[in-house]
Amino acid sequence: FYSYMMTQKTVTDYDEAGNMLMTTNRYGYDDYGYIKTIETDDSGGNVRRKTFSYVHELNVSEPYISMQTLNVSSPVSEETDWIVINGVSKQLACLKNNYLLKDGLSPWEGFVYTNRVPVVNSVEYSMEGLPLEERAVYPVHDAYGNPVYIIKENTFHAVYTWNYFGTDTVC
């Protein structure tokens, strides 16, 4: 992959007592140049690992096969947080985006794509290795694939209005 991609970043900070606090992030990439892992070491010897799975890795079923055909490979499909204790990884949290295909409009008025637009259909979340639970559902999208109606677990439902070309929210 590309030689200009950041592979490591170290930040040095100081607490109120003047003690040095150092945090080092190491980045791993896949063959497409997308971040695959972020490992964080802190001054206390703790290691946190974040892993990412992308749409192009899930091209075994729809809508992921169609998304790959449309060259839509960058959306994160799954993000997992881990903590490493004595060399053993323990899952802290997992966030998964589920996609579907929706007929969409192009920026040119009245032209309907022959291919369908991938949109996030729902979001699932789990903590500490428990089964994934649905946390948000996006049942309605506009013609540009933007979410119009969002149902989040244990909260109010949200309704969005988008501008004419579907690029910005109006309210």
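**A walk from Thr 24 to Ala 136**

The side chains of Thr 24 and Thr 10 meet in a polar contact of 3.3 Å. Keep in mind as you look around that this is a predicted model.

Let's see where that pair sits. Thr 24 belongs to strand E2, and Thr 10 stands opposite Thr 24 in that strand. The two strands involved are E1, covering residues 8-14, and E2, covering residues 20-29; they run antiparallel and are joined by seven bridges. If you follow the chain from one strand to the other, you pass through a hairpin with five residues between the strands. Stop there at Gly 18, which takes a positive phi near 90°.

Back at Thr 24, is this residue buried or exposed? Its relative accessible area is 15%, and because the cut-off for buried is under 20%, Thr 24 counts as buried. Setting aside residues up to four places away in sequence, Thr 24 touches Gln 8, Lys 9 and Thr 10, and also Glu 39, Thr 40 and Asp 41.

Now move along the chain to Ala 136, which lies in strand E8, residues 133-141. Ala 136 is buried too, because its relative accessibility is 8%. Which residues is Ala 136 in contact with, leaving aside its neighbours within four places in sequence? They are Ser 122, Val 123, Ile 151 and Lys 152. For one more landmark, find Asn 121: it is 15 residues from Ala 136 along the chain, and the C-alpha atoms of the two are separated by 8.6 Å.

Methods. Residues numbered from 1 in each chain as written. Predicted model: local features only at pLDDT ≥ 70, side-chain atom pairs only at ≥ 80, totals over all residues. Heavy atoms only, no water. Pairing = 2+ DSSP bridges. Helix = DSSP H or I, 4+ residues; strand = E, 2+ residues; numbered from the N terminus. Buried < 20%, exposed > 50% of the residue type's maximum accessible area, 1.4 Å probe, protein only. Polar contact = N/O pair within 3.5 Å; in protein donor to acceptor, adjacent residues only side chain to side chain. Contact = heavy atoms within 4.5 Å.
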